[in-house]
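Trainee: Could you take me through one part of this model, looking closely at how a pair of helices packs and what lies around them? I would also like to hear about any unusual backbone spots.

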Amino acid sequence: MRDHELYATILGVQEPWTVERVELDVAGGAVHVWLHRTQDTAAHCPECQAACPIYDHRERQWRHLDTCQLQTLIHARVPRVECATHGVMQTMVAWATPGSKFTLLFERLVIDWLQEAAVTAVARQLKLGWDAVWGIERRAVARGLERRGLLKLRYVGVDEKAFQRRHDYVTVVSDIEGGRVLFVADDRKRESLEAFWALGLTEAQRAEIEAIAMDMWEPYIQATLAAVPDADAKIVFDRFHCAKHLNEGVDRVRRAEHREMKAAGDTRLAGTKYAWLRHPDHFKPEAWREFASLRNSTLKVARAWALKEMAADLWEYRYVGAARRFFRRWYFWATHSRLQPMIEKARMLKTHLANILT
């Protein structure tokens, strides 16, 4: 098999394109592959696919997967057509997306690497610029969104993600049933979520949604109430976020009590932060036995922990009336606990009870 036949096979080149020649540049560390297009083959407008006369040609170059230790560079004179409807347009090629300087197979390699390492590391290993790697990622996302087509959503999740030592946030919208991210926006403002409702879904799609799980974050609530029909009955303040708020209350009680006890020479609470926050099912048997003396004590944090664990029983109920009666009993205990952080969290949950019960 000759070199141009070899590269025609491994590149998957098909009519009207053929491999014209292959040149090895050892000093430059590259293999150059020139493709040629059959001149009498009709060219098509990339917008409307109408057959059009060729206007001129443009020299293009793409980086392909490496040949051993050498970069593989593909060269071709790509025709531009003169479309009666869309004017002069460059035709599409099968091996790359419009505007890209890389073949689709090379971009796939970069995306595989990006799932394992940061942009800077990928750029360094593949000898690419930082902007080039970001461009490949953006085009991959665009292709994925195009393939996604019309969404049919029943359950949507809205959450914020903190980074940079919790000074910056992004808003993340996900399809809970499909287990996939649908939308990411800067910050956690009302406008952050409004962009998804306005641009990500049609009015009919928004009406089909049955439930939206989110935190008790007012900007998200207001954005959803304004965009989704009957949102007041569809918003769900889910178990995870309720538990997160109660954990915050427990931790505040622990920190305050630890300071008092430490000042008195009692260090029992030192290093116990995550024990109070961990779910009982996640303890190893020995650790659970060691934790017994603390959780069964008369410490304030032990009472706060008990309140948090009892609240979890709310999600075992299947009837709204029974759940509401349980919450009234729990709320009375919490607000009479003399633990200010837990009292504040209990009042917050009561304020949002309607959409906890949903």
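Mentor: Happy to. In this predicted model, helix H9 and helix H14 cross in a right-handed sense. Two packed helices are described by the angle between their axes and the distance between the axes. Here H9, residues 239–263, and H14, residues 340–351, pack at an angle of about 165°, and their axes lie 8 Å apart. An angle over 145 degrees counts as roughly antiparallel, and H9 and H14 are therefore roughly antiparallel to each other.

Now look at the residues that meet. H9 brings Cys 242, His 245, Leu 246, Glu 248, Gly 249, Val 250, Arg 252 and Val 253 to the contact, while H14 offers Pro 341, Met 342, Glu 344, Lys 345, Met 348 and Leu 349. Sorted by class, this contact of H9 with H14 holds 8 nonpolar, 2 polar and 4 charged residues.

Both helices turn up again around helix H12: H9 and H14 are among the elements that cover the buried residues of H12, and the cover also includes helix H10 (273–277), helix H11 (285–295) and helix H13 (320–335). The buried residues of H12 are Val 301, Ala 302, Ala 304, Trp 305, Leu 307, Lys 308 and Ala 311. You can check the geometry of H12 too: with 12 residues, 300–311, at 1.5 Å a residue, H12 should span 16 Å, and its end C-alpha atoms are 17 Å apart, which agrees.

As for the backbone, most residues other than glycine have a negative phi, and most peptide bonds are trans. Three places depart from that pattern, and each involves a loop. A cis peptide bond joins Glu 15 and Pro 16, with omega about 10°; Pro 16 sits in the loop between helix H1 (3–11) and strand E1 (17–25).

Cys 68 is not a glycine, yet its phi is positive, about 55°. You will find Cys 68 in the loop between strand E5 (54–67) and strand E6 (70–83), where Cys 68 is exposed, with a relative accessible area of 72%.

Asp 187, also not a glycine, has a positive phi of about 70°. Its loop runs between strand E10 (180–186) and helix H5 (190–200). With a relative accessible area of 32%, Asp 187 is partly exposed.

Technical notes
Residues numbered from 1 in each chain as written. Predicted model: local features only at pLDDT ≥ 70, side-chain atom pairs only at ≥ 80, totals over all residues. Heavy atoms only, no water. Axes fitted to C-alpha atoms, helices over the stretch in contact; angles between N-to-C directions. Helix = DSSP H or I, 4+ residues; strand = E, 2+ residues; numbered from the N terminus. Parallel < 35°, antiparallel > 145°, perpendicular 65-115°, else oblique. Left-handed = near helix turned anticlockwise from the far one by under 90°. Contact = heavy atoms within 4.5 Å. Nonpolar A, V, L, I, M, F, W, Y, C, P; charged D, E, K, R; others polar. Buried < 20%, exposed > 50% of the residue type's maximum accessible area, 1.4 Å probe, protein only. Expected span 1.5 Å × (residues − 1).
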